[in-house]
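Q: Please take a close look at one part of this structure, the aromatic rings and the buried interior around them. What is packed there, and which parts of the chain does the packing bring together?

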Amino acid sequence: MEQRNLGQGLTTSALGLGCMGMSDFYGPRDDTESIATIHRALDLGVTMLDTADMYGPFHNEQLVGTAIAGRRDDVIVATKFGNERRPDGSFVGVNGRPEYVRAACDASLRRLGVDHIDLYYQHRVDPAVPVEETWGAMAELVAAGKVRHLGISEAAPSTVRRAHAVHPVTAGQYEYSLWTRELEGELFGTLRELGIGFVAYSPLGRGFLTGAITNPDELADDDWRRQNPRFQGDNLKTNLRLVETVRRLAAEKSVTPAQLALAWVLSQGDDVVPIPGTRRIGYLEQNLAALQVQLTPDDRTALDHIGADVAGTRYSADSMRGLNR
């Protein structure tokens with residue numbers, strides 16, 4: 001397994017595994033299949049497992065904790081706090097208060113069944129709490145040995161700089177794929193200037209870039225993509241044309257669309273670690289084969305043009321307002 005270095009000396013497998021969909025947002029759960037997929041990932045050399053307290057809520061951390069029992073030394077556990085949810089699944093809001101940071105970390109440690117978290121992210125920035133206060137509490141967790149590295153997700157470049165001034169940021173986690181490209185300018189520049197690694201979530205466009213989704217009505221009733229702007233109406237029609245381009249280019253290289261899309265993300269730099277999510281062993285193995293796909297300059301040029309034609313925002317209007325703070 002190829003290894004990549006994020007910031008502050010944290011080394012991880014070049015591809016991680018996003019575990020969110022094993023518990024929430026993408027239809028019914030199957031814990032047995034999900035745990036088997038995590039075990040297969042570890043067997044194949046995947047070290048980074050990405051979760052969050054909000055996924056489930058809480059169920060996903062428990063699931064990951066069950067899966068890694070007895071294999072703690074094989075895993076970089078990455079989890080997040082800040083999107084506060086109640087046990088019934090309802091959303092409370094974004095919370096960056098120091099007392100909440102400390103309580104959320106202790107709760108995550110219990111659910112995961114570990115004595116430390118390898119990479120602890122601020123999931124969203126709380127506009128009501130200065131990031132310096134949140135990161136002061138996070139730095140205390142490092143000093144206490146509860147957390148090894150700190151990360152931030154979907155934060156503006158200026159906010160990343162403020163957090164980094166309090167405690168070094170190891171990784172920034174942002175949505176990034178062939179159809180989500182807006183952060184390539186200032187954000188990428190800021191992370192690289194500060195020596196912060198980049199963790200790309202949804203590198204397959206929430207499954208859309210695999211070519212498997214052509215009609216959102218065929219998704220499970222509780223699959224949130226049914227309401228996502230990029231999966232709706234005229235946006236869907238435009239984006240399906242984009243996927244056809246990916247299909248064609250993938251066929252020319254005798255690879256799958258998913259492998260081509262992941263290869264493109266991997267090619268953006270050796271400080272970039274995609275974390276495609278799946279709960280099925282077959283898809284996991286297919287994704288890992290993307291590490292063997294070599295892109296030519298012509299491939300890169302053709303793929304680079306795809307992002308300009310994407311229709312629709314990546315979240316609803318309300319959710320978009322919570323990003324880039």
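A: A residue counts as buried when its relative accessible area is under 20%. By that rule Trp179 and Phe208 are both buried in this predicted model.

The aromatic rings are a place to begin. Ten aromatic pairs are counted. One of them joins Phe81 and Tyr120, a tilted pair with 5.1 Å from centre to centre and 35° between the planes. Phe81 belongs to strand S5 (residues 76-81) and Tyr120 to strand S8 (residues 117-122), so this pair links distant parts of the chain, 39 residues apart. Phe81 and Tyr120 are each buried.

Trp179 and Phe208 also form a pair, and this one is stacked: the centres are 5.0 Å apart and the planes differ by 10°. Trp179 is in the loop between strand S10 (171-175) and helix H6 (186-194), while Phe208 is in the loop between strand S11 (197-201) and helix H7 (233-252); the pair therefore ties together parts 29 residues apart in sequence. The ring of Trp179 has a charge over it as well, since the charged end of Arg230 sits there, 4.8 Å from the ring centre.

Ring pairs also join Tyr174, Tyr176, Phe188, Phe198 and Trp264 into a cluster. Over the ring of Phe188 sits the charged end of Arg192, 4.8 Å from the centre.

The next topic is the nonpolar interior. In soluble globular proteins, nonpolar side chains tend to be buried together. Here the largest nonpolar core has 82 residues, and those with the most contacts inside it include Tyr120, Tyr174 and Phe198, along with Leu17, Ile38, Leu49 and Ile152. Helix H8 (residues 257-266) supplies the largest share of this core, eight residues. Ile152 shows how such a residue is surrounded: beyond its neighbours within four places in sequence, its contacts include Tyr121, Val125, Trp135, Val160, Ala163, Val169 and Tyr174. A second core, separate from the largest one, has 14 residues, among them Leu6, Met48, Tyr121 and Leu323.

Arg206 lies in the loop between S11 and H7. With a relative accessibility of 8%, Arg206 counts as buried. Its side chain makes a polar contact of 3.2 Å with the side chain of Ser202. Setting aside residues up to four places away in sequence, Arg206 touches a number of others, including Tyr26, Glu175, Tyr201, Trp224, Phe231, Arg314 and Tyr315.

Helix H2 (residues 59-68) is another enclosed part. Eight of its ten residues are buried, so H2 is largely enclosed by the rest of the structure. The buried residues of H2 are His59, Asn60, Glu61, Leu63, Val64, Gly65, Ala67 and Ile68. Their cover includes helix H1 (31-43), strand S4 (48-50), S5 and helix H3 (98-112). S5 is also the strand that holds Phe81 of the tilted pair. Just after H2, Gly70 takes a positive phi of about 85°.

Last come the cysteines. A disulfide is a covalent bond between the sulfur atoms of two cysteines. Zero disulfides are found in the whole structure. For Cys19, the closest cysteine sulfur is that of Cys105, and the 18 Å between the two sulfurs is too far for a bond. Cys19 is buried, at 0% relative accessibility, and Cys105 is buried too, with a relative accessible area of 0%.

Terms used: Residues numbered from 1 in each chain as written. Predicted model: local features only at pLDDT ≥ 70, side-chain atom pairs only at ≥ 80, totals over all residues. Heavy atoms only, no water. Phe/Tyr/Trp six-rings, centres within 6.5 Å; stacked < 30°, edge-to-face > 60°. Helix = DSSP H or I, 4+ residues; strand = E, 2+ residues; numbered from the N terminus. Buried < 20%, exposed > 50% of the residue type's maximum accessible area, 1.4 Å probe, protein only. Lys NZ or Arg CZ within 6 Å of the ring centre and 35° of its normal. Core = buried A, V, L, I, M, F, W, Y, C linked by side-chain atoms within 4.5 Å. Contact = heavy atoms within 4.5 Å. Disulfide = S-S within 2.5 Å. Polar contact = N/O pair within 3.5 Å; in protein donor to acceptor, adjacent residues only side chain to side chain.
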